[in-house]
Amino acid sequence: MTQEDQLKSKLNFNIVSLDKWLPDFKKPLIISGPCSAENEKQLMDTAESLLKTGRVTVFRAGIWKPRTRPNSFEGVGEEGLLWLHTVKKETGFLTATEVANPRHVELCLKHEVDILWAGARTVANPFSIQDIADSLKGVDIPVMVKNPVNPDLDLWLGALERIHNAGITKILAIHRGFSTLRRPGFRNEPLWELPVELKILCPDLPIICDPSHIAGRRDLIPNVAQKAIDMDMTGLMIESHINPENALSDASQQITPEELAVILARLVIKKPAVFNPEFNTILDQLRTMIDELDDNIMRTLASRMEISEKIGRYKRDNRVTIFQLQRWKEIVKRRVDAGEEMGLGRNFVKQLLKLIHRESINRQSELINHDDKEP
Ligand code: PEP
Ligand code: MN
């Protein structure tokens, strides 16, 4: 049994499909609402405008906010649950909020919140998730599990398993991007291959994409949302606010309900291929993984060239030749052996290294010629 098969057999989740418990479920499921509940008017105005779009099923609002730094707005607390209840009564939306501990769960149940979610910071901590799971035993409520802050699929799976083991069967995962050292322009790098791996391991688990927390900027939201649709994700969670500029949290990534309607109207929903939809979905997902990996290769090559130029300057300043045979031999030997261990052909790695090395040498000599000519 391969490692993946072993994992798969353990993840025999019993998940109730969305059409069994969501009124009029159709893909993509849209979850929207402010990052935080701030006051009753902000919440009601946002909800009423969202209702007019006719596209939203679940209204989200954070009541307790996990803020990176203290003395930021940390949410309104229990009072906000009363406002959320009014939204539910007045608009008919299902309501959802984040819980980080058993006390939050207890209050949400008391105030009849419809759906709970565990946030990225909480999911990164198995103690917290286990506490939440324990407080959910015997309760029949849908739970959404965000991916942990760090790119660790096992941690995400672990949280889903803990919630599932507590008896929860209406489970969704939320892909909200990952904190990485690279800064490719996103607040949280999407690393699309992780939700794809999750989908392969748990085909019945609906995965919702959260373009707001991936993008961190409102102008990037449409592209991320489209990509999520292209990846055949089940739905989108997008933060909206009646007055986004003045939001007390995540102001730069929130949009108005009207802007949400425009983004949703422009989404291109792909038609499933006539002959074999499943084949095409998997092919698309694999191709997206390839695109992502190729982007990473390009970024890595660009960083390598930058360092190689630094080395070039350093060698020049110390009057050392550009090409050093011993070093080159070592590079080739080590990389070819390492590549072979990873299943890459020796000749392929050799040719690849030659190409990279040739470009490095060219850059280093160009740089010396160019710098020499400087007055
Ligand atoms: C949120 O949804 O407002 C939130 C705090 O998200 P995350 O846990 O993904 O950071
Ligand atoms: Mn937020």
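Analyst: Donors here are N, O and S atoms within 2.8 Å of the metal (3.2 Å for Na, K and Ca), and water is not among the atoms, so sites may look incomplete. This is a predicted model: local features need pLDDT of at least 70 and side-chain atom pairs count only at pLDDT 80 or more, while totals for chains, interfaces and linings use all residues. Residues are numbered from 1 along each chain as its sequence is written, chains are lettered from A and ligands numbered from 1 in the order in which they are written, and side-chain values use heavy atoms, with hydrogens and water left out.

User: What makes Cys35, His213, Glu239 and Asp250 donors of the manganese ion (ligand 2)?

Analyst: Their atoms SG, NE2, OE and OD, in that order, lie 2.1 to 2.4 Å from the ion. Manganese takes the 2.8 Å limit, so these N, O and S atoms qualify. Along the sequence, the spacing of the donor residues reads C-x177-H-x25-E-x10-D. Glu239 and Asp250 are eleven residues apart and link distant parts of the chain: Glu239 is in strand E8 (residues 235-239), Asp250 in the loop between E8 and helix H12 (257-266). Those labels come from DSSP runs, numbered from the N terminus: helices are H or I with at least four residues, strands are E with at least two.

User: Why does Asp250 count as buried?

Analyst: Buried means under 20% relative accessible area, exposed over 50%, and partly exposed in between (1.4 Å probe, protein chains only). Asp250 comes out at 17%, so it is buried. Glu239, at 0%, is buried too.

User: Why is the pair of Phe59 and Phe93 called stacked?

Analyst: A pair of aromatic rings is described by the distance of the centres and the angle of the planes. Rings of Phe, Tyr and Trp (its six-membered ring) pair if their centres lie within 6.5 Å; planes under 30 degrees apart count as stacked, over 60 as edge-to-face and the rest as tilted. Phe59 and Phe93 have centres 6.0 Å apart and planes at 10°, so stacked it is. The two residues are 34 apart in sequence, with Phe59 in strand E2 (residues 58-60) and Phe93 in the loop between helix H4 (78-91) and strand E3 (94-98). Phe59 is buried at 0%, and Phe93 is buried at 4%.

User: What makes the pair of Trp156 and Phe178 edge-to-face?

Analyst: The angle does: 70° between the planes, with 6.3 Å from centre to centre. Trp156 sits in helix H8 (residues 153-165) and Phe178 in the loop between strand E6 (171-175) and helix H9 (193-201), so the pair ties together parts 22 residues apart in sequence. Trp156 is buried at 0%, as is Phe178 at 0%. The ring rule gives two aromatic pairs in total.

User: Which residues touch the most other members in the largest nonpolar core?

Analyst: A nonpolar core is a set of buried Ala, Val, Leu, Ile, Met, Phe, Trp, Tyr and Cys residues joined through side-chain atoms within 4.5 Å. The largest one has 72 residues, and Phe59, Leu136, Leu160, Ile163, Leu198 and Leu236 touch the most other members. H8 contributes the most, with six residues. There's also a second, separate core of 15 residues, including Trp117 and Leu172.

User: Why is Phe348 called partly exposed?

Analyst: Its relative accessible area is 48%, so Phe348 is neither buried nor exposed. Phe348 lies in helix H15 (residues 346-373). Together with Met342, Leu344 and Leu352, Phe348 makes a nonpolar surface patch of about 420 Å².

User: What sets Asn71 apart in its phi?

Analyst: Phi of Asn71 is near 65°, a positive value in a residue other than glycine. Asn71 is in the loop between E2 and H4, and at 79% it is exposed. Asp232 also has a positive phi, about 65°, though it isn't a glycine. That residue falls in the loop between helix H11 (221-230) and E8, and at 34% it is partly exposed.

User: Which peptide bond is cis, from Lys27?

Analyst: The one to Pro28, with omega near -10°. Pro28 is in the loop between helix H2 (18-21) and strand E1 (29-33).

User: How many helices and strands does the chain have?

Analyst: 15 helices and eight strands. Of the chain's 375 residues, 46% are buried.

How values were computed
Patch = residues over 30% accessible without salt bridge, like charges linked within 9 Å, V, L, I, M, F, W, Y side chains within 5 Å. Areas by Shrake-Rupley, 256 points an atom, 1.4 Å probe, with all protein chains shown as cover. Salt bridge = Lys/Arg side-chain N within 4 Å of Asp/Glu carboxyl O.
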